[in-house]
Amino acid sequence: MGTSRARRWSRSRRTAGEGRARRSPAAAALPATALAIALAICLAAGCTTSREPSPDDDGRSASEQRSPSGSADPTAVAGSVLAVKIDNAPAARPQTGLDAADIVYVEQVEGGLSRLMAVYATKLPAAVGPVRSARESDLELLRQFEQPLLAFSGAQGKLLPLIDRAPLDAVTPEEASGAYFRGTDRAAPHNLYLRPSRLLPSAPGAAALTTGFRYGAAPSGGEAAASRTVRYPAARFTFTWSASRARWLVSEDGTPTVSADGQRSAPATVVVQYVKVRASGFHDFLGNNTPYTETVGSGKAEVLRDGRAYDVNWTRPTAADGTDFTTADGEPVAFARGQVWVVLATAP
């Protein structure tokens, strides 16, 4: 699938989006009750609106999303990984479909909170979500995959031209309305879900994971580790080793992380990657700066696998490269087979 299709999906967004941002005279004349009814119908149908954001929203309105272009062609994106931006606010938990991801990236967002990006290659769940908005640093992170498909619910207006130019295929609810739906068990914006099968005919397979990750035997050395905790300004992740499951059990803010069906999140490998987190040129509707997480460069990391912790180095020379993890003597570090969580933490 070429870049041209991504451009076709996105090129009409700015004109149509600007039109949606302004209410027509007829809409302005509607009574408040009629507008409320219309809004309720719209949310039930899975669309977005140009309403004022709630305190839990991040200010991405319909005027900052892409214009409708019908349903995506599921046969056009075979061979590309699917990356989904997933809400991680307390009101969005438990999430759906997270356990099927091959990689889960954890990133810092406004206010010191966290958001997830789940990458799917070997398995596609029936549903994923709640789906939320994209960030500038997502574009750099995703460059390591070959023409990935990015599912998200919107982005700041000034960020959209950068998304247009990125070598990925970005699909929002307005572009592929049949692939998204609104859940009924929680309030918007924490109830938007994706049906991956509406975008991909099948899982592309492990070969699509062009991240540089290696899987195999553990390196020598390391130290026994019962648990590790990673703190953001307003979020906390703890990974506790379970010998019986040979997995790291995830907890967030002191509460076990489970999926919507009650399954505990339990990656085989956890990577705490220490990176530079700087201010970007974007802000949310409250004026909070959007952090930019730099994933190109080099630095330190800690790899957790098989109940042990390994201090390693990471390097990613350019955005088009995958990330290599090596020991102090330069030997590649292999991960345990299974799901990998990569927690992008501020370098000390």
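# Exercises on a predicted model

The charged end of Arg278 sits over the ring of Tyr292, at 4.2 Å from the ring's centre. That is one detail of this predicted model. The exercises below take you through several others, one step at a time.

## Exercise 1: The chain as a whole

Work out how many helices and strands the chain has, and what share of its residues count as buried.

Solution.
- Step 1. Begin with the elements: the chain has 6 helices and 20 strands.
- Step 2. Turn to burial: 51% of the 348 residues count as buried.
- Step 3. Look at the surface: the accessible area is about 14500 Å², and carbon and sulfur atoms hold 53% of it.
- Step 4. Finish with contacts: among those in the chain with a separation of 6 or more, 66% are between residues 24 or more positions apart.

## Exercise 2: Strand β3 and its partners

Find which strands pair with β3, and decide whether its faces are covered or open.

Solution.
- Step 1. Strand β1 (residues 82-86) is joined to β3 by 5 bridges, and the two run antiparallel. Within this pairing, Lys85 has Met117 as its bridge partner.
- Step 2. Strand β2 (residues 103-108) also pairs with β3 in the antiparallel sense, over 6 bridges. Here Gln108 stands opposite Ser114.
- Step 3. Follow the hairpin of β2 and β3: there are 5 residues between the strands, and Gly111 takes a positive phi near 70°.
- Step 4. Now check the faces of β3. Ser114, Leu116, Ala118 and Tyr120 are buried on one side, and Arg115, Met117 and Val119 are buried on the other, so both faces are covered.
- Step 5. The count agrees: 7 of the 7 residues of β3 are buried.

## Exercise 3: A serine in a loop

Locate Ser133, and say whether it is buried or exposed.

Solution.
- Step 1. Ser133 is in the loop between β3 (114-120) and α5 (136-142).
- Step 2. Its relative accessibility is 1%; buried means under 20%, so Ser133 counts as buried.
- Step 3. Look at its side chain: a polar contact of 2.8 Å joins it to the side chain of Arg135.

## Exercise 4: An open sheet

Trace the order of the sheet that contains β10, and name its edge strands.

Solution.
- Step 1. The order is β10-β11-β12-β13, an open sheet of 4 strands with antiparallel pairing.
- Step 2. β10 (227-232) and β13 (255-256) each pair on one side only, which makes them the edge strands.
- Step 3. Zoom in on β10 and β11 (residues 235-242): 6 bridges join these antiparallel strands. One place to look is Ser227, which stands opposite Thr240 in β11.

## Exercise 5: Aromatic pairs

Count the aromatic pairs in the structure, then explain why Tyr215 and Phe335 form an edge-to-face pair.

Solution.
- Step 1. The structure has 8 aromatic pairs.
- Step 2. The ring centres of Tyr215 and Phe335 are 6.2 Å apart and their planes are at 90°, so this pair is edge-to-face.
- Step 3. Tyr215 lies in strand β8 (residues 214-215) and Phe335 in strand β19 (residues 334-335), so the pair ties together parts 120 residues apart in sequence.
- Step 4. Compare the cover on each: Tyr215 is partly exposed at 27% relative accessible area, whereas Phe335 is buried at 0%.
- Step 5. Try another edge-to-face pair: Tyr232 and Phe237 are 6.0 Å apart, centre to centre, with 65° between the planes. Tyr232 counts as buried at 6% relative accessibility, and so does Phe237 at 1%.
- Step 6. Widen the view: ring pairs link Phe213, Tyr215, Phe325 and Phe335 into a cluster.

Terms used. Residues are numbered from 1 along each chain as its sequence is written. This is a predicted model: local features need pLDDT of at least 70, side-chain atom pairs count only at pLDDT 80 or more; totals for chains, interfaces and linings use all residues. Side-chain values use heavy atoms; hydrogens and water are left out. Buried means under 20% relative accessible area, exposed over 50%, partly exposed in between (1.4 Å probe, protein chains only). A polar contact is a pair of N or O atoms within 3.5 Å; within protein, one must be able to donate a hydrogen and the other to accept it, and residues adjacent in sequence count only if both atoms are side-chain atoms. Two strands pair if DSSP finds at least two bridges between them. Contact means heavy atoms within 4.5 Å. Accessible areas come from the Shrake-Rupley method with a 1.4 Å probe; for residues, only the protein chains shown count as cover. Rings of Phe, Tyr and Trp (its six-membered ring) pair if their centres lie within 6.5 Å; planes under 30 degrees apart count as stacked, over 60 as edge-to-face and the rest as tilted. A charge sits over a ring if NZ of Lys or CZ of Arg is within 6 Å of the ring centre and within 35 degrees of the ring normal.
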